[in-house]
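Q: Please pick one part of this model and look at it closely. Start with its own geometry, then its packing and its surface, and finish with its place in the whole chain.

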Amino acid sequence: MTAHDMAPDNSKRRHKHEGKQKHIIAFIFSIVLTLIAFVAVGSVGEVNPTFTVILLLVMAVLQVVIQMAYWMHMKDKGHMLPIVFMIGGAIIAFTAIVMSVYWVWW
């Protein structure tokens with residue numbers, strides 16, 4: 001027997017692909033979030049500005065999650081290191097912003 005005969009049969013294993021349906025749903029959800037943001041900004045005089053800002057921030061976070069999960073494939077296996085680096089970068093950026101605001105107003 002050769003080493004090739006003893007190797008596991010990888011021809012049956014295929015990469016599980018999400019297909020077009022999930023990408024189309026994510027794209028439509030992103031478009032809907034963008035349209036809601038335009039409507040919220042367009043109705044500033046009619047709606048409380050604080051509500052508009054909170055709504056925009058929530059939709060921005062949702063948009064980031066959708067972009068990372070479906071378009072950057074961060075939900076798949078093997079993407080922990082990029083996630084760790086992005087979280088580290090966010091912590092450093094947040095710290096820099098807080099410290100610069102503290103420095104200016106101190």
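A: The answer below takes one helix, then its partner, then the rest of the chain. The model is predicted.

The part chosen is helix α2, residues 20–42. Helix α2 has 23 residues. From its first C-alpha to its last, α2 reaches 33 Å. That is close to the 33 Å expected at 1.5 Å a residue.

What is buried along this helix? In α2, the buried residues are His23, Ala26, Ser30, Leu33 and Ala40. They pack against α3. The packing is also listed from the other side: the buried residues of α3 pack against α2.

Now the partner. Helix α3 covers residues 49–71 and has 23 residues. Its reach from first to last C-alpha is 31 Å, close to the 33 Å expected at 1.5 Å a residue. Thr52, Met59, Gln63, Ile66 and Ala69 are the buried residues of α3.

Thr52 is worth a stop. This residue sits in helix α3. Its relative accessibility is 6%, so Thr52 counts as buried; the cut-off for buried is under 20%. Leaving out residues up to four places away in sequence, Thr52 touches Ala40, Val41 and Val47. Ala40 is one of the buried residues of α2. That contact therefore joins two residues that both count as buried, one in each helix.

A second link involves Lys22, in helix α2. Lys22 and Tyr70 are 48 residues apart along the chain, yet their C-alpha atoms are separated by 8.0 Å. Lys22 has 45% relative accessibility and therefore counts as partly exposed. Its neighbour in sequence, His23, is among the buried residues of α2.

What does α2 show on the surface? It gives the most to a nonpolar patch, with 7 residues. The patch measures about 820 Å². Its members are Ile24, Phe27, Ile28, Ile31, Val32, Leu35, Ile36, Trp71 and Met72. Leu35 is one of the members placed in helix α2. Trp71 also belongs to the patch, and residue 71 is where α3 ends.

The record adds an annotation here. An unreviewed UniProt entry places the feature "transmembrane region" at residues 24–45, 51–71 and 83–105. In the model, residues 24–45 are 86% helix and 0% strand. The end C-alpha atoms of that span lie 34 Å apart. Residues 83–105 are 100% helix and 0% strand, with end C-alpha atoms 33 Å apart.

Next, the chain beyond α3. His73 follows α3 and has a positive phi, near 55°. His79 lies in the loop between α3 and α4, the latter at residues 80–105. At 24% relative accessibility, His79 is classed as partly exposed. Apart from its neighbours within four places in sequence, His79 is in contact with Met72, His73 and Met74. Met72 is also in the nonpolar patch.

Finally, the whole chain. The protein has 4 helices and 0 strands. Along the sequence, the pattern is α-α-α-α. Of its 106 residues, 11% are buried. The protein exposes about 9,300 Å², and carbon and sulfur atoms supply 74% of that area. Among contacts with a separation of 6 or more, 54% are between residues 24 or more positions apart.

To return to α2: its buried residues pack against α3, and it supplies 7 residues to the nonpolar patch.

Key. Residues numbered from 1 in each chain as written. Predicted model: local features only at pLDDT ≥ 70, side-chain atom pairs only at ≥ 80, totals over all residues. Heavy atoms only, no water. Patch = residues over 30% accessible without salt bridge, like charges linked within 9 Å, V, L, I, M, F, W, Y side chains within 5 Å. Areas by Shrake-Rupley, 256 points an atom, 1.4 Å probe, with all protein chains shown as cover. Salt bridge = Lys/Arg side-chain N within 4 Å of Asp/Glu carboxyl O. UniProt positions renumbered as here; feature names shortened; annotations may be inferred. Expected span 1.5 Å × (residues − 1). Buried < 20%, exposed > 50% of the residue type's maximum accessible area, 1.4 Å probe, protein only. Contact = heavy atoms within 4.5 Å.
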